[in-house]
Amino acid sequence: SKRTLKDFRRISRVIVAAGGAEYIRSLSMSLCSDQLADENTLPAALAGVDVMIVPVLLDENFNVVETKSAWRSATPGENDRNFESTRADEVICFPSVLSMWQEYIDSDVKTAQGQGFDVLSKGITITVKKNGRILRRATGLPPFGDMVGMMEVADGSKFGMPGDSEKYGGP
């Protein structure tokens, strides 16, 4: 089913991760394969803190293009064990109306380029809080491990966001 960013408001934090094909491959590996000797538990941990990831593939002209097939056909490297492209499906939403996504990330891409960042190879991430506001803009792959620990504090949900007492406890 197709959903918009607005559909995630109040229920999920959204991380928009945009970059070229190699960036999307690295993002896919970080979520869908076991790294080093560890079993990858990131998708479950991200779901536990209400995080959804939107991988956005950019072509060489920085246009948003269909992402799902690139994600599904990603080729594991020597450190990526047990790759299964559907492993993180519970926390992944692929962009569908590409023109809307183009409009959404265009200014962030241009800003990052203007600051000298290689958007295609390094990628950019836009972290959207549950209230729909931007929490953070950054380059590179999302630091998922750090995010899991800080997310509930970052958007204030543990501090009495109206309507969240049942979920998080409190007065």
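The paragraphs below lead through this predicted model, from its confidence to its helices, its charged pairs and one buried loop residue.

Residues are numbered from 1 along each chain as its sequence is written. Because the model is predicted, local features need pLDDT of at least 70 and side-chain atom pairs count only at pLDDT 80 or more, while totals for chains, interfaces and linings use all residues, and side-chain values use heavy atoms, with hydrogens and water left out. The mean pLDDT (the predictor's confidence in each residue, from 0 to 100) is 84 for the protein, with 81% of residues reaching 70 or more. Among the elements (helices, H or I, of at least four residues and strands, E, of at least two, taken as DSSP runs numbered from the N terminus), strand S4 (residues 64–65) has the highest mean pLDDT, 97, and helix H7 (residues 165–168) the lowest, 53. Where pLDDT is low, the predicted coordinates should not be read in detail.

Helix H1 (residues 21–32) has twelve residues and an expected span of 16 Å, taken as 1.5 Å times one less than its number of residues; its end C-alpha atoms are 16 Å apart, which agrees. Its buried residues (under 20% relative accessible area, where exposed is over 50% and partly exposed lies in between, with a 1.4 Å probe and protein chains only) include Tyr-23, Leu-27 and Cys-32. Glu-22 is partly exposed at 48%, as is Arg-25 at 21%, and the two form a salt bridge (a side-chain nitrogen of Lys or Arg within 4 Å of a carboxyl oxygen of Asp or Glu) whose closest N and O atoms are 3.0 Å apart. Being three residues apart in H1, they are separated by about one helical turn.

The whole structure holds six salt bridges. In helix H4 (residues 98–114), Lys-110 and Asp-106 are four residues apart and form one of 3.1 Å. Another, of 2.4 Å, joins Asp-108 and Arg-137, linking helix H4 to strand S7 across 29 residues of sequence. Asp-108 is buried, with a relative accessible area of 11%. Salt bridges that share partners also join Arg-13, Asp-50 and Lys-130 into one network, in which Lys-130, from the loop between strands S6 and S7, is buried at 1%.

Pro-142 lies in the loop between strand S7 (134–139) and helix H6 (144–154) and is buried, with a relative accessible area of 6%. Beyond its neighbours within four places in sequence, its contacts (heavy atoms within 4.5 Å) include Tyr-23 and Leu-27, both among the buried residues of H1.
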